[in-house]
Every structure is written in C-alpha cells, then in structure tokens.
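User: I should like to learn how to read the side-chain features of a structure. Please take them one at a time, giving the general idea and then the case at hand.

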Amino acid sequence: QVQLVESGGGLVQAGGSLRLSCAASGRTFSNYVVGWFRQAPGKEREFVAAIRWNTGITYYADSVKGRFTISRDNAKNTVYLQMNSLEPEDTAVYYCSTGPRVDRNGMDYWGKGTLVTVSS
C-alpha cells in the first residue's frame, strides 16, 4: 500500500523559508514521479513542483521557479520541497503525490496534506 506522509508546514512571515518533507513507502518509486501540489481556500488544487525519481529531472510551476527547490533522498525514500522567499500567495495546503505523470491527473496517490500559512 502506497503511503505519503507530509510534514514541515507551519506559519511563517513573508520572505521566510520552510522545508516540507514527504516520506514515501509502498512502491518502487524509481519508475514514478513524486510531486507537490497545493490548494488555497476557494481555489483548485494546482501543481507546484515534481521530480522524476530515477533521473532526478525536476519540474516547477512558473509561480515558484527560483524560489522553491524539490529534491529527493533515495536512502530515506523522502522528497523535500525547500521554499524560500515565501509570499502570502503561497498560503495553502500542500499535498505530496506520486504517479506515472507530472500532471495532476497523472498522480494516483496523495498524502493528507500539510498547511503552510504565510503572513504579510
């Protein structure tokens, strides 16, 4: 059974940083993508970043390029999202996901999410 457990969310001031973690289990992730999506109140869930486990190729939404970095630790089966220069617009529940494709419909497992709140 695939499990994704997010951690690291919290309250931070604008301009600050947070690092989210996603502990993954139950699948051979080398054949899959692991990604982060977010959902703000009243908005649809949107793509943030993703990484192909076997190659390390990364993908980012335009809104976070240059501020967020996704990475993985093979030994710990964990994916990280380092978020710098946070803005109030980054406030959302952040979800870890995995699947064969980078897009939202290509993800077949989701974590429960971790809340990130950025105060102005």
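User: Is E46 buried or exposed, or does it count as partly exposed?

Analyst: In this predicted model, E46 has a relative accessibility of 37% and therefore counts as partly exposed, since that class runs between 20% and 50%. Its salt-bridge partner is R38, with N and O 2.6 Å apart. R38 has a relative accessibility of 5% and counts as buried.

User: How should such a charged pair be read, and how many salt bridges does the structure hold?

Analyst: Side chains of opposite charge can pair when their charged atoms come close. The structure holds 7 salt bridges. One of them joins R27 to D108, whose closest N and O atoms are 3.1 Å apart. R27 lies in the loop between β3 and β4, and D108 in the loop between β9 and β10, so this pair ties together parts that are 81 residues apart in sequence. R27 is buried at 16% relative accessible area, whereas D108 is partly exposed at 40%. Another salt bridge links D62 and K65 at 3.3 Å between the closest N and O atoms; D62 is exposed, at 66%.

User: Which residues are linked in a network of salt bridges?

Analyst: The network consists of R38, E46, R67, E87 and D90.

User: How is a pair of aromatic rings described?

Analyst: One gives the distance of the centres and the angle of the planes. The count here comes to 3 aromatic pairs. For F37 and F47, the ring centres are 5.6 Å apart and the planes stand at 75°; an angle over 60 degrees is edge-to-face, so this pair belongs to that class. F37 is in strand β4 and F47 in strand β5, 10 residues apart. F37 is buried at 1% relative accessible area, while F47, at 23%, is partly exposed. Together with W110, F37 and F47 form one aromatic cluster.

User: Over which rings does the charged end of R45 sit?

Analyst: It sits over the ring of Y95, 3.7 Å from the ring centre. The charged end of R45 also sits over the ring of W110, 4.8 Å from that centre.

User: Finally, where is M83 placed, and what does it touch?

Analyst: M83 is in strand β8, residues 78–83, and counts as buried, at 0% relative accessibility. Leaving aside residues up to four places away in sequence, M83 touches G16, S17, L18, L20, R67, F68, Y94 and V116. The C-alpha atoms of M83 and S17 are separated by 5.4 Å, although the two residues are 66 apart along the chain.

Conventions: Residues numbered from 1 in each chain as written. Predicted model: local features only at pLDDT ≥ 70, side-chain atom pairs only at ≥ 80, totals over all residues. Heavy atoms only, no water. Phe/Tyr/Trp six-rings, centres within 6.5 Å; stacked < 30°, edge-to-face > 60°. Helix = DSSP H or I, 4+ residues; strand = E, 2+ residues; numbered from the N terminus. Buried < 20%, exposed > 50% of the residue type's maximum accessible area, 1.4 Å probe, protein only. Lys NZ or Arg CZ within 6 Å of the ring centre and 35° of its normal. Contact = heavy atoms within 4.5 Å. Salt bridge = Lys/Arg side-chain N within 4 Å of Asp/Glu carboxyl O.
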